[in-house]
Amino acid sequence: MSRIKRIGVMTSGGDAPGMNAAIRAVTRTAIYYDLEVIGIRHGFQGMINGNFKQLKAHSVSDIIQRGGTMLKTARCMEFKTPEGRREAYRALREADIHGVVCIGGDGTFTGATLFNEEYDIPFVGVPGTIDNDIFGTDYTIGYDTALNTVVEAVDKIRDTASAHNRMFFIEVMGAEAGFIALNGGIATGAEAILIPEVKGGARNLKALLETGKKRRKSSNIIIVAEGDGEGGALAIAEGVKDDFADYDIRVTVLGHLQRGGSPSAIDRINASRLGHAAVEALLDDQKSVMIGLQNDNIALVPFKKAVKEHKKISQSLLYLAEILSV
Ligand code: F6P
């Protein structure tokens, strides 16, 4: 018999569409196993402050289709300190919480790892970030919706780009990773894709655009990941404008619109699977592990590994993008 009778659930870091579906799955799975569920509001900061609220089955009705997170989220500096974590432990003990499901990204799992080295309340993680950049899982909650948002936006820009013979630089999210940019670029037939994982992208860009010019391409879409390392879409556009003076250049930064919106079917289903598996892992006395999806199967990955190792961009997708953009 597991000693876990009451669990907490929280979201932390950047929100991602599908987090609500995960909260719902955690809550209803826990209730199915006769556990009590406490919603921890505002991430680790709420944990420190004891900002708790009991969740019943009906508390999570009508949220599966909503973006954002009903529990709110935050990035918390205090939890990075031993004093902050001590306060969090005190609050969890006081509320008689025996285990926590934390939904978030790298920062969330780093905090949870430290906590589990110091204290005996187990944390199990669910990967939630639109960036899809967490090692040990093929998928993170919110990525599919964000990717579809990008595709819809770029398609619209393509219409106006070709109507005016313009060159558009479109910046997408991905502070440290190019998964949204690469896949978004392939899905929209972008002429070029610049991502942090490939160095010197701006230099190669000129040669690429030159080839396009010779082929009399009238419009161009260049997708730039925000963390491309060369200063983002504005700086790159500035850098090529003298060499391509006959093109009318425009820049669009898609920004936080990529984080919102109703989650796709894939995000809802995967978030439900991950949330469910997280509760079962806690009942199975797991701790300090992330629940990932590998080849569409649930996989348990130690937080330490998920945080330390770097998820690699697919070389075959890079190759594909290069061939198809000609
Ligand atoms: O959610 C991850 C992410 O989308 C990054 O790609 C981006 O740099 C970051 O969030 C920005 O988030 P915020 O504006 O909330 O700090």
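In this predicted model, strands 7, 8, 6 and 9 form an open sheet of four strands, arranged in the order 7-8-6-9 and paired in the parallel sense. Strand 7 (192-194) and strand 9 (248-253) occupy the edges, and because each has a single partner strand, one side of each is left without a neighbour in the sheet. From one strand to the next, the twist averages 15°.

The pairing of strand 7 with strand 8 (residues 220-225) is parallel and runs over three bridges; one residue that takes part is Leu194, whose bridge partner in strand 8 is Val224. Helix 8 (residues 232-240) packs on this sheet and touches strand 6, strand 7, strand 8 and strand 9, with a direction that makes about 150° with that of strand 6. Helix 7 (residues 201-214) lies across strand 6 (166-172), strand 7 and strand 8, and runs at about 175° to strand 7.

At the level of the whole chain, the domain assignment gives domain 1, made up of 6-142 + 263-308, and domain 2, which covers 144-260. The C-alpha centres of domain 1 and domain 2 are 34 Å apart, and across the boundary 13 residues of domain 1 are in contact with 12 residues of domain 2.

The size of an interface is often given as the accessible area lost when the parts come together. Between domain 1 and domain 2 the buried area is about 1000 Å², with carbon and sulfur atoms giving 53% of it. On the domain 1 side, Asp15, Ile130 and Asp131 supply 44% of the area buried against domain 2, which is more than any other three residues.

Which polar links cross the interface of domain 1 and domain 2? The rule finds one salt bridge there, and eight residue pairs are in polar contact, counting pairs with both residues at pLDDT 80 or more. Asp15, already named for its share of the buried area, also forms a salt bridge with Arg259.

The count of salt bridges by this rule comes to 16, and two of the pairs are set out below with the separation of their closest N and O atoms.

| Acidic residue | Basic residue | Closest N and O atoms |
|---|---|---|
| Asp15 | Arg259 | 3.1 Å |
| Glu36 | Arg6 | 2.9 Å |

The pair of Glu36 and Arg6 links distant parts of the chain, with Glu36 in strand 2 (residues 36-40) and Arg6 in strand 1 (residues 6-11), 30 residues apart.

Definitions and conventions. Residues are numbered from 1 along each chain as its sequence is written. This is a predicted model: local features need pLDDT of at least 70, side-chain atom pairs count only at pLDDT 80 or more; totals for chains, interfaces and linings use all residues. Side-chain values use heavy atoms; hydrogens and water are left out. Two strands pair if DSSP finds at least two bridges between them. Helices (H or I, at least four residues) and strands (E, at least two) are DSSP runs, numbered from the N terminus. Axes are lines fitted to C-alpha atoms, for helices over the stretch in contact, and angles run from 0 to 180 degrees between N-to-C directions. Contact means heavy atoms within 4.5 Å. Domain bounds come from an automatic or database domain assignment. Buried area is the accessible area (1.4 Å probe) that two parts lose on being put together, summed over both. A salt bridge is a side-chain nitrogen of Lys or Arg within 4 Å of a carboxyl oxygen of Asp or Glu. A polar contact is a pair of N or O atoms within 3.5 Å; within protein, one must be able to donate a hydrogen and the other to accept it, and residues adjacent in sequence count only if both atoms are side-chain atoms.
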